[in-house]
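Subject: Structure handover

Hello,

Here is the structure I promised to pass on. Please open it first, then read my notes below.

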Amino acid sequence: MKLSGKSALVTGAASGIGAAIAAALAREGARVAGLDVNPSACEVSLQADVTGDSAVAAAVEEAVRRLGRIDILSANAGIAIRKPLDELTAGEWDRVMAVNLRGVFLVSKYSLPHMPRGGAIVHMASCVALMGTRNRAVYAATKGALVSLTRNMALDYAQRGIRVNCICPGFTRTPLTVNLFSDPEREAAFTALHPLGRLGESEDVARAAVFLASDDAAWITGVALPVDGGYSAGHAADI
Ligand SMILES: NC(=O)c1ccc[n+]([C@@H]2O[C@H](COP(=O)([O-])OP(=O)(O)OC[C@H]3O[C@@H](n4cnc5c(N)ncnc54)[C@H](O)[C@@H]3O)[C@@H](O)[C@H]2O)c1
């Protein structure tokens, strides 16, 4: 087991990619606290909204009280709105920014003091941070910002032995995307965007998160790792 003796805090742990990461970290021997608005199946389940300053501070304190310290932070809580910019309301813009970006800021801010032995932070960005994708204005803006945040945090915390990386998944089957894939024609169109010929599964992303969290990635920091079946490599069409 790669993560025996490690403690992990995972946000968005109640569903989809975050739930798969929490389970994969636990299988590798880590003790896992899940932070989500919903209850999670983690050893420690903490219910909080990642956008709330004092709520996140309290949840992180509780995680540390139960687990002792934090070695691994995996930040997955996120929401998506599928609209072009002119159709977004200011409230929708603010909410997606708050969950996807402020949430990562707050969870990282309150976790960092509890990483005394160094550790690994893995943010969940998206392939839409690397490739323009229609109708994703605010979602893509948050994910692009996460890639920048990852690089800057990697530099700020390298001397403390904390590695900071992010994953950019392609389109992955989760409750977040279930409506996108409900129509078979549309599902085929999404699948065709991925040269490896299938959509992602949460487990595909979880394996990459375990890698980045483990000592196998000991000399890797500041990267945005596409885990996307080739989506960001370019056009898959045979032209
Ligand atoms: N599914 C995909 O195709 C895909 C692709 C690229 C990136 N991502 C990213 O992966 C992450 C996980 O997405 P998913 O597909 O597993 O979605 P999901 O909806 O299945 O899971 C998201 C989890 O985040 C939690 N959450 C949402 N808002 C929260 C808040 N304010 N406070 C606390 N918890 C909150 C939800 O309760 C849920 O458990 C997201 O950041 C998403 O942007 C997903």
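How many helices and strands are there in the protein chain? The chain has six helices and nine strands. Bear in mind that this is a predicted model.

**Overall picture**

The radius of gyration is 17 Å, and the globule rule gives 18 Å for 239 residues. The two values are close, so the chain is as compact as a globular protein of that length. Along the principal axes, the C-alpha atoms fill a box of roughly 55 × 40 × 35 Å. Of the 239 residues, 49% count as buried. Take the contacts between residues at least 6 apart in sequence: 71% of them join residues at least 24 apart. The accessible surface comes to about 11100 Å². Carbon and sulfur atoms account for 54% of that surface.

**The ligand**

Next, the ligand. It is surrounded by 30 residues. The closest are S15, I17, D36, Y139 and T174. Two of these have side chains that approach ligand oxygen atoms. A polar side-chain atom of D36 lies 2.6 Å from an oxygen atom of the ligand. An N or O atom in the side chain of Y139 is also 2.6 Å from a ligand oxygen atom. V37 uses its backbone: an N or O atom there lies 3.4 Å from a nitrogen atom of the ligand. How much of the ligand does the protein bury? Taken alone, the ligand exposes 830 Å², and the protein buries 93% of that.

**V96 in α3**

Y139 turns up again here. V96 sits in helix α3, residues 90-111. Its relative accessibility is 0%, so V96 counts as buried. Leaving aside neighbours within four places in sequence, V96 is in contact with I79, I81, L101, V138, Y139 and T142. T142 is 46 residues from V96 along the chain, yet their C-alpha atoms are separated by 7.6 Å.

**T51 and its loop**

T51 lies in the loop between β3 (44-47) and α2 (53-67). Is T51 buried or exposed? Its relative accessible area is 13%; the cut-off for buried is under 20%, so T51 is buried. The side chains of T51 and D49 are joined by a polar contact of 2.8 Å. Beyond four places in sequence, T51 touches R95, A98, V99, R102 and L106.

**α1 and α6**

Which residues does I21 touch, not counting those up to four places away in sequence? They are S74, N76, M124, A206 and A209. I21 is located in helix α1, residues 16-27. With a relative accessible area of 1%, I21 is buried. One of its partners, N76, is 55 residues away along the chain, with a C-alpha separation of 9.1 Å from I21.

A206 and A209 both appear among the buried residues of α6. Helix α6 covers residues 202-213, 12 residues in total. From its first C-alpha to its last it reaches 16 Å, close to the 16 Å expected at 1.5 Å a residue. The helix is mostly covered, with nine of its 12 residues buried. Those nine are S202, D204, V205, A206, A208, A209, V210, L212 and A213. As background, an α-helix has 3.6 residues a turn, so residues three or four places apart point the same way.

D204 deserves its own entry. It lies in α6 and is buried, with a relative accessible area of 17%. A polar atom of the D204 side chain lies 2.8 Å from the backbone nitrogen of E201. Not counting residues up to four places away in sequence, D204 touches R198 and V227.

**N135**

Where is N135 found? N135 is in the loop between β5 (119-124) and α4 (137-157). Its phi is near 65 degrees, a positive value in a residue other than glycine. N135 is partly exposed, at 22% relative accessible area.

Over to you.

Best wishes

Technical notes. Residues are numbered from 1 along each chain as its sequence is written. This is a predicted model: local features need pLDDT of at least 70, side-chain atom pairs count only at pLDDT 80 or more; totals for chains, interfaces and linings use all residues. Side-chain values use heavy atoms; hydrogens and water are left out. Helices (H or I, at least four residues) and strands (E, at least two) are DSSP runs, numbered from the N terminus. Buried means under 20% relative accessible area, exposed over 50%, partly exposed in between (1.4 Å probe, protein chains only). A polar contact is a pair of N or O atoms within 3.5 Å; within protein, one must be able to donate a hydrogen and the other to accept it, and residues adjacent in sequence count only if both atoms are side-chain atoms. Contact means heavy atoms within 4.5 Å. The expected span of a helix is 1.5 Å times one less than its number of residues. A residue is near a molecule or strand if one of its heavy atoms lies within 4 Å of it. Accessible areas come from the Shrake-Rupley method with a 1.4 Å probe; for residues, only the protein chains shown count as cover. The radius of gyration is taken over C-alpha atoms; the globule rule is 2.2 Å times the number of residues to the power 0.38.
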